[in-house]
Amino acid sequence: MAGMQYDVAVVGAGPGGYVAAIRAAQLGLKTVVIEREHLGGICLNWGCIPTKALLRSSEVYNLFKHAADFGLKAEGVSFDLAKVVERSRKVSARLTTGVGYLLKKNKITVVDGSAKIKSAGLLAVTGKDGGSQPDIAAKHIIIATGARARSLPGLEPDGELVWTYKEAMIPKLMPKSLLVVGSGAIGIEFASFYRTMGAEVTVVEIMDRVLPVEDEEISAFARKAFEKQGMKIKTGTSVTSLKKGSGSVTATLKAKDGKTEDVTVERVILAIGIAGNVENLGLEAAGVKIDRGHIVIDEWSRTSVAGLYAIGDVAGPPWLAHKASHEGVACVEKIAGFAGVHPLDLGNIPGCTYCQPQVASVGLTEAAAKAKGHEVKVGRFPFQGNGKAIALGEPEGLVKTVFDARNGELLGAHMIGAEVTELIQGYAVARTLESTEAELMATVFPHPTLSEMMHESVLDAYGRVLHM
């Protein structure tokens, strides 16, 4: 018999796991969480939160450098990198402590260690010191082990010259030159931080445009903004090798036409995707189906084995903390038989990139909407036509909306510019409520706000734009 018995056992305490555990406890299920490293997972400790703290420091630094534009004087502006990193770590630590408080408040048992499926409904647990812990029995086991940075043969990180997101978050020095491999959200956020802080940054992307999951028009706008800041962008390009020297790395780049060039930089950041943490969990032996490094699940996060579930990054894209959290809630509500639970609609999950300028989107791109057979109406509104944006000194940006021309359904929304990671939620709510263009046009937006551009973009799609 197991030493401890529960209704729900959650393996991993990231934004998916700890939220799932809290919701399970709220629903009256006896719950345990097993975590091998840090409460809050990668997001709170080495991802979403500390990177935003770093980016906030770079934003403030950039504002200081442009103080004269606001009628202010700021002379001899500089930064203390150690203090910048220290602030980031303190923000992370504060939130991690908060997760511990929430788990305790909800009377959730927390076990420090690693778990492995021993048999149906039974987990073997190994403590952080390597010693065996009592087995845990649970009617329902949720795998929420997250993911890790992916590497490719010949491009392995060493933690010194070639960094993953983890080393890039706690630099001991500010590199004078930097190569970022990959232009997704993680790569571009680090490229933005280091460029703003003064490093010469080159971004290499194997696809034909930066931020390739975003709407093509937004990607093009972003590239121009990044290049205006001094970034070098090389799309349609791969890194074939990294040759490490004394304090530098020489990367061989290969373009689509076969031409190669060598670029020497002080540091390299690898941001070429992630791989699910599926190893050493006993999944294969239990009969769990795994596809390309991720656990296969249905709409309720159920795996191919009864009583076993998976949520978050380990269960596949989109690799977003908020997706993991809501997936966890839906999973445990289904387990508990909670009335009114709905499966997660991946099309209503907003994506945010916290570079300068910020990028955010929800739903289908214009190209994807057309590919699905929709006849579309597209609206656009530039930041330079918005009073609040001008007053903020942030005139560069664009709001784009895509509608179904036949029924007015909001198919997608795409933004680039100041604070769009906050604005996008308005369109996410609209999609969740299945709002039409008529309802959005009839909504009163406060003035003066950046949100007025959301209204104007909708109006533009239907030939009624007022301020352009």
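Which element gives the largest share of the lining of the second largest pocket? Load the predicted model and start there.

**Stop 1: the pocket**

Helix H3 is the one to colour: five residues of the lining come from H3, the largest share. Select residues 48–65 to show this helix. Then add helix H6 (185–196) and helix H7 (216–228), which, like H3, give two or more residues to the lining.

Centre the view on Asn62, Gln229, Gln356, Gly393 and Glu394. Among the 27 lining residues, these lie nearest the centre of the second largest pocket. The space inside is about 1000 Å³. Colour the lining by class and you get nine nonpolar, eight polar and 10 charged residues.

**Stop 2: H3 against H6**

Keep H3 and H6 on screen. Their axes lie 9 Å apart, at an angle of about 35°. The crossing of H3 past H6 is left-handed.

Now show side chains. On H3, pick Thr51, Lys52, Leu54, Leu55, Ser58, Tyr61, Asn62 and Lys65. They meet Glu189, Phe190, Ser192, Phe193 and Thr196 of H6. By class, this contact of H3 with H6 has five nonpolar, five polar and three charged residues. Asn62 deserves a label: it takes part in this contact and is also listed among the residues nearest the pocket centre.

**Stop 3: H3 against H4**

Hide H6 and select residues 81–105, helix H4. H3 and H4 pack with axes 8 Å apart, at about 145°. Here H3 passes H4 in a right-handed crossing.

From H3, show Ile49, Pro50, Ala53, Leu54, Arg56 and Ser57. From H4, show Val84, Val85, Arg87, Ser88, Arg89, Val91, Ser92 and Leu95. The classes in the contact of H3 with H4 are eight nonpolar, three polar and three charged. Leu54 appears in the contact with H4 and in the contact with H6.

**Stop 4: H1 against H9**

Next, select residues 17–26 for helix H1 and residues 321–336 for helix H9. Is the crossing of H1 past H9 left-handed or right-handed? It is right-handed. The axes are 8 Å apart and the angle is about 30°.

H1 brings Val19, Ala20, Arg23 and Ala24 to the contact. H9 brings Ser325, Gly328, Val329, Val332 and Glu333. Sorted by class, the contact of H1 with H9 holds five nonpolar, two polar and two charged residues.

**Stop 5: the three-stranded sheet**

Switch to strands. Three of them form an open sheet, ordered S11-S12-S13, with antiparallel pairing. Strand S11 (237–244) and strand S13 (260–265) are the edges; each has a single partner strand, so one side of each has no neighbour in the sheet. From one strand to the next, the twist averages 25°.

Zoom in on S11 and strand S12 (residues 249–255). Seven bridges join this antiparallel pair. Two places to label:

- Lys243, whose bridge partner in S12 is Thr250.
- Ser241, which stands opposite Thr252 in S12.

Then follow the chain through the hairpin of S11 and S12, where four residues sit between the strands. Stop at Gly247, which has a positive phi near 85°.

**Stop 6: the five-stranded sheet**

Last, bring up S19, S20, S21, S22 and S23. What is their order in the open sheet? Read across and you find S19-S20-S23-S22-S21, with antiparallel pairing. Strand S19 (351–353) and strand S21 (376–382) are at the edges with a single partner strand each, so one side of each is left without a neighbour in the sheet. The twist in this sheet averages 10° from one strand to the next.

Select S21 and strand S22 (residues 398–404), an antiparallel pair joined by seven bridges. Label Phe381 and its bridge partner in S22, Val399.

Finish with the helices on this sheet. Helix H12 (residues 420–432) packs on the sheet and touches S19, strand S20 (359–363), S22 and strand S23 (410–416). The direction of H12 makes about 175° with that of S23. Helix H14 (residues 452–461) also packs on the sheet, where H14 touches S21, S22 and S23. The direction of H14 makes about 140° with that of S21.

Conventions: Residues are numbered from 1 along each chain as its sequence is written. This is a predicted model: local features need pLDDT of at least 70, side-chain atom pairs count only at pLDDT 80 or more; totals for chains, interfaces and linings use all residues. Side-chain values use heavy atoms; hydrogens and water are left out. On a 1 Å grid over the protein atoms alone, a cavity is a set of points where a 1.4 Å probe fits but cannot get out, and a pocket is an open set with protein on both sides within 12 Å along at least five of seven lines; lining residues have an atom within 4 Å of a point. Grid points are joined across faces, edges and corners, and a volume is the space filled by probe spheres set on the points. Ala, Val, Leu, Ile, Met, Phe, Trp, Tyr, Cys and Pro count as nonpolar, Asp, Glu, Lys and Arg as charged, and the others, Gly among them, as polar. Two strands pair if DSSP finds at least two bridges between them. Axes are lines fitted to C-alpha atoms, for helices over the stretch in contact, and angles run from 0 to 180 degrees between N-to-C directions. A crossing is left-handed if the near helix is turned anticlockwise from the far one by less than a right angle, and right-handed if clockwise. Contact means heavy atoms within 4.5 Å.
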